[in-house]
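Here is a short tour of one structure, written for someone who likes to look at the residues themselves. Have the viewer open and follow along.

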Amino acid sequence: MSVFPPSLRPRRLVARVRRLLVRLRQRLERADRVSLAAALVAVAAGALTFAVAVTVFSHHSANHDEAVYLTQAALLLDGQLAFHAGSLADAVHPWFFIEDGGRLYPKYNPVPAATFAVSMALFGEPRVTLAVVAAGNAALVYLLGSAAVGRRAGLAAAVLFAASPMAIATSSAFLPYAPTTLFNLVFAVAYLRSVRDESLRAAGVAGLAIGVAFFARPYTAVLFAAPFICHALWRVASATRRFGAESAASTPRALVDAGVRGLPDPVRRHGLTALFGTLFVGVTLAYNARMTGSPLVFPYQVFAPMDGPGFGERRILGHSVDYTLGLALESNGYALREIATRWFAAGPLGTLAALVGGAVALRGWRATGDPRGLLYDRAADDASGTPGFRRTATALLVGVAVSVVVGNLYFWGTHNALADLSDPTDGLASLFGPFYHFDLLVPLSVFGGLAVAAAARALSAARDRLVSRGASGTVARVAIAVVVASAVVVAGVAAVDAAADPIERNAAVDAKHEAAYAPFDETTFEGGLVFVPTPYGEWQNHPFQYLRNGPGLDGEVVYALDRDPVENFAVLDAYPDRTLYRYGYQGVWTADPETRVTPKLEPLDRRTGARIDAETTVGVPDRVARAQVRVDPRRGAPGGPDHVSYTVSDLGDSLAVDWAVTPEGVRLPGAAAAGDPEAGDPVPFDPEGDAVAVTVTLVDPAGATFTYRQEVTVRVTEGSEAGASGERVEVVWPPERSTCRLVTACGTEGTYFPDEPDAHPEWVVFETAAEASD
């Protein structure tokens, strides 16, 4: 008796697989080559996007919005819309999140994050969404181009869209522009099909799609949909006038009996689109009410009330500008030039193709009423719909281009993305293009595709003319093949050249990030707590967006901002049983990808006792005349000296400095031994929490200095351990150490690496040890 169920017995399984393969082959035989080619283009676009995402953006990009959306996606998967951090909100405050009484919620609407969350849930890899969105956008551009100017032109349009540097770079990062365009394109394709096929189902899909796009990015959706809305209103008004004239002779009873089905088709279809779109407007307002307390106040307005569309003073955080119409025209004009020359497929060549396609459409419209142009062979018509429908479709695409360009004048975001208008390699636009104009790629691609298809038809006609004039078919085909091959080579080189520059710039950023995050890639955390620096202010994930907290702030590793000692101790008290680390680096963190830092992930521990005795040993090079030892609390406390210091003149090749932390303050025994009895008094620090700097400054005969600096975080606690009573001190060990030339404090530029002797001159030694006693 077989152990397999009947459906899985080997012979039957093989037969079933054979039948499936036969059916697949039959379907492929029935499918036309253009549709198959479009499918391959879409798959290639998705594969390219995934490859770029895992290589060029392996540690995320310079656009820190990525962390916002990925953090939001993780929250959604956990069934939350916000962090509930309580008193720790400031310590774990992510970039572009709003704090509201211990609740932290993002300034962005959740639709893009939800698309990333889907692939996180299904595959554990959010980059799958990036690939699907890129493939979907390419496929939808093909469908849109096919409806407007024919399938061959639609195929070329899909290639142009997928090959555009702005589409490649922006689609490969966790940003909202490509996902929003996906919903906009679904709306456009469904809307046109509802018009062409008089389909209520397509009208409903159009409404859902534009509603979701509005929920994702309201202003972007409105700009894209504006020409379609105008067209729908015009059709509804025309149909209503005709219906009114026809129903004037009807009885009221007949009109009531007819109901909705008696309304004109355009009214029913566009009304359904408007209904579903309006439903998602309601969802958006409900989300606003849930997050901000008011349906008419978006989260981004709470974060920065002057950040939205409009002229005059625009402001976000510490950045503000008087955004005038003149500045808008200058910024957006520059952005359009950048798209035309750098960010559309093949650069200027692709833009020229789009202009030629527009001219072909206009000429065909005027001559025959068909925007596909005179170069099309009517006997080999590959487009459905009427010439009037295609005129409508192309007119709407032109409307989208106008709406996106004009509408973005009213929003200062493009100006911010460009940064320096005189430098195309500056600002986020240098890495992703003018991404607020992302939807402009759609009409550019469709009209560019029309030019490519018209050129192909012109070459075919030229071949026929060569044959008619006596040339052999072989000669004619070879001549045309040479022309086509040359064009393909030129276009391919132009496309690769256009895409290479931004990819290289982003790759340089990723190389910088990979080096900076190397300690985390090499460490396995089990209940870790990592303090991270704040080079851009007290924000998580700005710039370190690779280091994100989980929804419950209780994952295998928790990241907290390294801030004031009192605030750091509050974090330590909230996570008393975690393994502690401090992330630091040597150098200065900037946006310049060529400016690298050398990272360090240092284990920490907490030491408590009635007294902490410490010893610091430093190396001393030749020709040092003297050394000055000094203790400085950052905050201090009243009732004592604000610092204590002493000088050592008899130096060898090393110097050992003893110091102690007590509830009364930091003691420097060597000061009293140097001959100043009062210098032996403790230097008081803030008992709630303070950072005490112990420095050893070496001075050579010419006056040049070299300083060993260490800052230890300390506080006074009440005895609570068995057998302990009275006040005790707690320190976070080891201290932050740095070595500085000519100054006594040089920040992260002088970060000391105890385990990397090659990072410092060979004579540099910086050892520190501490022992707690009761």
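Glu-730 sits in strand β17, which covers residues 727-741. In this predicted model, Glu-730 has a relative accessibility of 5%, so this residue counts as buried. Which side chain makes a polar contact with the side chain of Glu-730? The partner is Arg-606, at 2.6 Å. Leaving aside residues up to four places away in sequence, Glu-730 also touches a set of residues that includes Phe-569, Arg-607, Thr-608, Thr-713, Val-714, Arg-715 and Thr-717.

Strand β17 has another feature to look at: Pro-734 lies in this strand, and a cis peptide bond with omega of about 0 degrees joins Trp-733 to Pro-734. A cis peptide bond also links His-542 and Pro-543, with omega of about 20 degrees. Pro-543 is located in the loop between β6 (528-532) and β7 (557-561).

How many disulfides does a search of the whole structure find? The search finds one, formed by Cys-740 and Cys-746 with their sulfur atoms 2.2 Å apart. The torsion about the S-S bond is about -75 degrees, so the disulfide is left-handed. Both Cys-740 and Cys-746 are buried. Cys-230, on the other hand, counts as exposed, with 52% relative accessibility.

Now turn to the open sheet, where three strands are arranged in the order β1-β3-β2 with antiparallel pairing. Strands β1 (83-84) and β2 (97-100) stand at the edges with a single partner strand each, so one side of each has no neighbour in the sheet. Four bridges connect β2 with β3 (residues 103-106) in the antiparallel sense, and Asp-100 has Arg-103 in β3 as its bridge partner. Helix α3 (residues 65-77) lies across β1, β2 and β3, and runs at about 55 degrees to β2.

Two residues other than glycine with positive phi are set side by side here.

| Residue | Phi | Location | Relative accessibility |
|---|---|---|---|
| Phe-96 | near 65 degrees | loop between β1 and β2 | 8%, buried |
| Leu-742 | about 70 degrees | loop between β17 and β18 (766-773) | 65%, exposed |

Is Phe-96 buried or exposed? With a relative accessible area of 8%, Phe-96 falls under the 20% cut-off and is therefore buried. Leu-742, at 65%, is over the 50% cut-off and so counts as exposed.

Note on methods
Residues numbered from 1 in each chain as written. Predicted model: local features only at pLDDT ≥ 70, side-chain atom pairs only at ≥ 80, totals over all residues. Heavy atoms only, no water. Helix = DSSP H or I, 4+ residues; strand = E, 2+ residues; numbered from the N terminus. Buried < 20%, exposed > 50% of the residue type's maximum accessible area, 1.4 Å probe, protein only. Polar contact = N/O pair within 3.5 Å; in protein donor to acceptor, adjacent residues only side chain to side chain. Contact = heavy atoms within 4.5 Å. Pairing = 2+ DSSP bridges. Axes fitted to C-alpha atoms, helices over the stretch in contact; angles between N-to-C directions. Disulfide = S-S within 2.5 Å.
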